[in-house]
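Reader: I'm new to this structure and would love a close look at a single part of it. Could you walk me through how two neighbouring pieces of the fold meet, and what lies around them?

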Amino acid sequence: GTRMEYRAEQVPMNPGVYPYQGQQQVQSTVITMAPNAPPVRDHLPWSIFNFFYMNFCCLGFVALVFSVKSRDRKVVGDAEGARHYASTARALNIAATVLNTLMIIILIALLFGGVIGAGKMLHAQSNQG
């Protein structure tokens with residue numbers, strides 16, 4: 001019998017399935033990272049805590065906004081922008097924490113002093129009668 005040979009060029013394999021036959025398109029994403037760069041701290045947990053519990057003059061809210069902006073910059077890969085927003089968030093968090101702590105101390109002092117003062121006045125009135 002006769003032997004039939006097929007060479008690779010003669011056999012069409014799935015015609016029309018490969019639109020880029022002969023040329024390969026490769027998409028690659030290159031992320032450049034600084035060598036041994038310390039990770040940017042965005043202070044998000046501290047900002048969330050200040051927003052819910054120590055939102056003095058909306059400082060906690062503004063710090064939260066800057067922390068989220070810092071995290072967004074970090075995700076995009078902009079380390080310098082992330083560091084800038086993080087330092088602002090840190091300063092706002094420190095201010096919110098210090099001012100709230102002072103307000104709590106003053107409130108306790110006024111309350112304590114007022115209660116003692118009111119107690120002395122009541123005691124003096126009861127002794128007079």
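Author: What follows is a walk through one pair of helices and the residues beside them.

Happy to show you around! Please keep in mind that this is a predicted model. To set the scene, the protein chain has three helices and zero strands, so let me give the order too: from the N terminus on, its elements run α-α-α. The part to look at closely is the meeting of helix 1, residues 44-53, with helix 2, residues 59-76.

Two packed helices are described by the angle between their axes and the distance between the axes. Here the axes of helix 1 and helix 2 come within 8 Å and cross at roughly 155 degrees. Because an angle over 145 degrees counts as roughly antiparallel, helix 1 is roughly antiparallel to helix 2. The crossing of helix 1 with helix 2 is left-handed.

Which residues make this contact? From helix 1 come Leu44, Ser47, Ile48, Asn50 and Phe51. Helix 2 answers with Gly60, Phe61, Ala63, Leu64, Ser67, Val68 and Arg71. Sorted by character, the residues of this contact are seven nonpolar, four polar and one charged.

Now for the surroundings of the pair. Most residues other than glycine have a negative phi, and most peptide bonds are trans. With that in mind, look at histidine 43, in the segment before helix 1. Histidine 43 is not a glycine, yet its phi is positive, at about 60 degrees. Is histidine 43 buried or exposed? Its relative accessibility is 14%, and because buried means under 20%, histidine 43 counts as buried.

Then move along to the loop between helix 1 and helix 2, where you will find cysteine 58. Cysteine 58 also has a positive phi, of about 65 degrees, although it is not a glycine. With a relative accessibility of 43%, cysteine 58 counts as partly exposed.

Finally, step back to the whole protein chain. Of its 129 residues, 16% are buried, and histidine 43 counts as buried. The chain exposes about 11,000 Å², with carbon and sulfur atoms supplying 64% of that area. Taking contacts between residues at least 6 apart in sequence, 65% join residues at least 24 apart.

Key: Residues are numbered from 1 along each chain as its sequence is written. This is a predicted model: local features need pLDDT of at least 70, side-chain atom pairs count only at pLDDT 80 or more; totals for chains, interfaces and linings use all residues. Side-chain values use heavy atoms; hydrogens and water are left out. Axes are lines fitted to C-alpha atoms, for helices over the stretch in contact, and angles run from 0 to 180 degrees between N-to-C directions. Helices (H or I, at least four residues) and strands (E, at least two) are DSSP runs, numbered from the N terminus. Angles under 35 degrees count as roughly parallel, over 145 as roughly antiparallel, 65 to 115 as roughly perpendicular and the rest as oblique. A crossing is left-handed if the near helix is turned anticlockwise from the far one by less than a right angle, and right-handed if clockwise. Contact means heavy atoms within 4.5 Å. Ala, Val, Leu, Ile, Met, Phe, Trp, Tyr, Cys and Pro count as nonpolar, Asp, Glu, Lys and Arg as charged, and the others, Gly among them, as polar. Buried means under 20% relative accessible area, exposed over 50%, partly exposed in between (1.4 Å probe, protein chains only). Accessible areas come from the Shrake-Rupley method with a 1.4 Å probe; for residues, only the protein chains shown count as cover.
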